[in-house]
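This report walks through one protein model for a reader who is meeting it for the first time. Please look at the sequence and the structure before reading on.

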Amino acid sequence: MRAARLIKMVLLLQARPSITGAELARELEVSERTVTRDAAALSEAGIPVYADRGRAGGYRLIGGYRTRLTGLGRTEAEALFLSGVPSALREMGLADAASAARLKVSAALLPELRDASHTVAQRFHLDAPGWWREPEAPELLPSIADAVWDDLRIAVRYRRRDAEVRRELEPYGLVLKAGVWYLAARAEGGFRVYRVDRFAAVEPTGARFTRDEEFDLPAFWEERAEQFARSILRERAVVRLTPAGARQLPHVTDRVAAEEAVREAGEPDGQGRLTVTLPVESYEVALAQLLGLGPEAEVLGPPELRELFAEAARRTAELYR
């Protein structure tokens, strides 16, 4: 604990020409007496910390002292440069800050590690948006990102399908999923997920909120994403599949639902075909998805869905007559 505090103290002194004992105590969350003891310990360890006395006094490093991140190995340094998604940083308005941070980290690394950012960039590139869509950053994303960073309450107008509602939110975190930005926020009813491109207005209230330290954004998103995927699969389709159709099914519809349907199916019939009950979002969506399997799939029911496929087959046959 103390070692981490001493390292932070050196970095703070390195970042500013001079800093008072009160400021250091506030940053390090300790008493000024502890700051005095820590400064003495650093000085004894060979780090040139100098204390200026008097009202305008403070602590500073002398002799142009700079610490270096000599504890990082090559794999660690490369992983550090791999940890961001450039397009996401640009959309949140953080590209310049990220670039400056990378330069500072590179400058602090040992000479033999300074090519880590280049070697990683030539081997891995993270492209968040999905195929066949032009990524568009929501106009209000930078404002929301600022509120997330600073734990600021925001007053918003949010577009739903049939109306626009007003809410006051505590913005906890942003998630980029397949090119779409989502905000995890706490409102009166608890934590919810909002699509950022549906915000019509975002205004900071000027008040900060106290973050729930037990909130885990990755775990929260994983749970909500699974709930959402399940919630939209409201209909059921009974489908007879060839072996090839059974293999291809996870590639044309919800993968988890398709794999479960195949796994829970009975034994193949005399022609080697499986009959599965597949959860689908709607009959129209099922038509668009399952048509991709062509003759490898026969929809047995419900009758209205089978009729949709029969009509599509008749129209297709007319085209190729």
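How many nonpolar, polar and charged residues does the lining of the largest pocket have? The model is a predicted one, and in it the lining of the largest pocket has 17 nonpolar, 3 polar and 14 charged residues. The pocket itself has a volume of about 1,200 Å³, and 34 residues line it. Tyr-182, Arg-195, Arg-198, Phe-228 and Ile-232 are the lining residues that lie nearest the centre of the largest pocket. Several elements contribute to this lining, for β3, β4, β5, β6, α9, β9 (274-280) and α12 (283-290) each supply at least two residues, while the largest share, 8 residues, comes from α9.

**The protein as a whole**

The protein has 321 residues, of which 34% count as buried, and there are 13 helices and 10 strands in it. When contacts between residues at least 6 apart in sequence are considered, 63% of them join residues at least 24 apart.

**The sheet**

An open sheet is formed by 5 strands, which follow one another in the order β6-β5-β4-β3-β7 with antiparallel pairing. Because β6 (190-195) and β7 (199-208) stand at the edges and have a single partner strand each, one side of each is left without a neighbour in the sheet. Neighbouring strands of this sheet are turned against each other by 45° on average, with direction ignored.

Two of the antiparallel pairings within the sheet can be set side by side, as in the following table.

| Strand pair | Bridges | Residues in the hairpin connection |
|---|---|---|
| β3 and β4 | 6 bridges | 4 residues |
| β4 and β5 | 7 bridges | 2 residues |

Strand β4 covers residues 164-177 and strand β5 covers residues 180-187. Individual bridges can be located as well: Val-156 has Arg-167 in β4 as its bridge partner, Gly-173 is partnered by Ala-184 in β5, and Val-175 is partnered by Tyr-182, also in β5. Tyr-182 is thus a bridge partner in β5 and one of the residues that lie nearest the centre of the largest pocket. In the turn of the hairpin formed by β4 and β5, Ala-178 has a positive phi of about 50°.

**Helices against the strands**

Which strands does helix α9 lie across? Helix α9, made up of residues 217-231, lies across β4, β5 and β6, and runs at about 75° to β6. This is the helix that supplies the largest share of the lining of the largest pocket.

**A buried aspartate**

Away from the sheet as a topic, one charged residue deserves a separate look. Is Asp-38, which is found in helix α3 (residues 32-44), buried or exposed? The relative accessibility of Asp-38 is 1%, and since buried means under 20% relative accessible area, Asp-38 counts as buried. Leaving aside the neighbours within four places in sequence, Asp-38 is in contact with Arg-2, Arg-5, Leu-6 and Met-9.

Conventions. Residues are numbered from 1 along each chain as its sequence is written. This is a predicted model: local features need pLDDT of at least 70, side-chain atom pairs count only at pLDDT 80 or more; totals for chains, interfaces and linings use all residues. Side-chain values use heavy atoms; hydrogens and water are left out. Buried means under 20% relative accessible area, exposed over 50%, partly exposed in between (1.4 Å probe, protein chains only). Contact means heavy atoms within 4.5 Å. Two strands pair if DSSP finds at least two bridges between them. Axes are lines fitted to C-alpha atoms, for helices over the stretch in contact, and angles run from 0 to 180 degrees between N-to-C directions. On a 1 Å grid over the protein atoms alone, a cavity is a set of points where a 1.4 Å probe fits but cannot get out, and a pocket is an open set with protein on both sides within 12 Å along at least five of seven lines; lining residues have an atom within 4 Å of a point. Grid points are joined across faces, edges and corners, and a volume is the space filled by probe spheres set on the points. Ala, Val, Leu, Ile, Met, Phe, Trp, Tyr, Cys and Pro count as nonpolar, Asp, Glu, Lys and Arg as charged, and the others, Gly among them, as polar.
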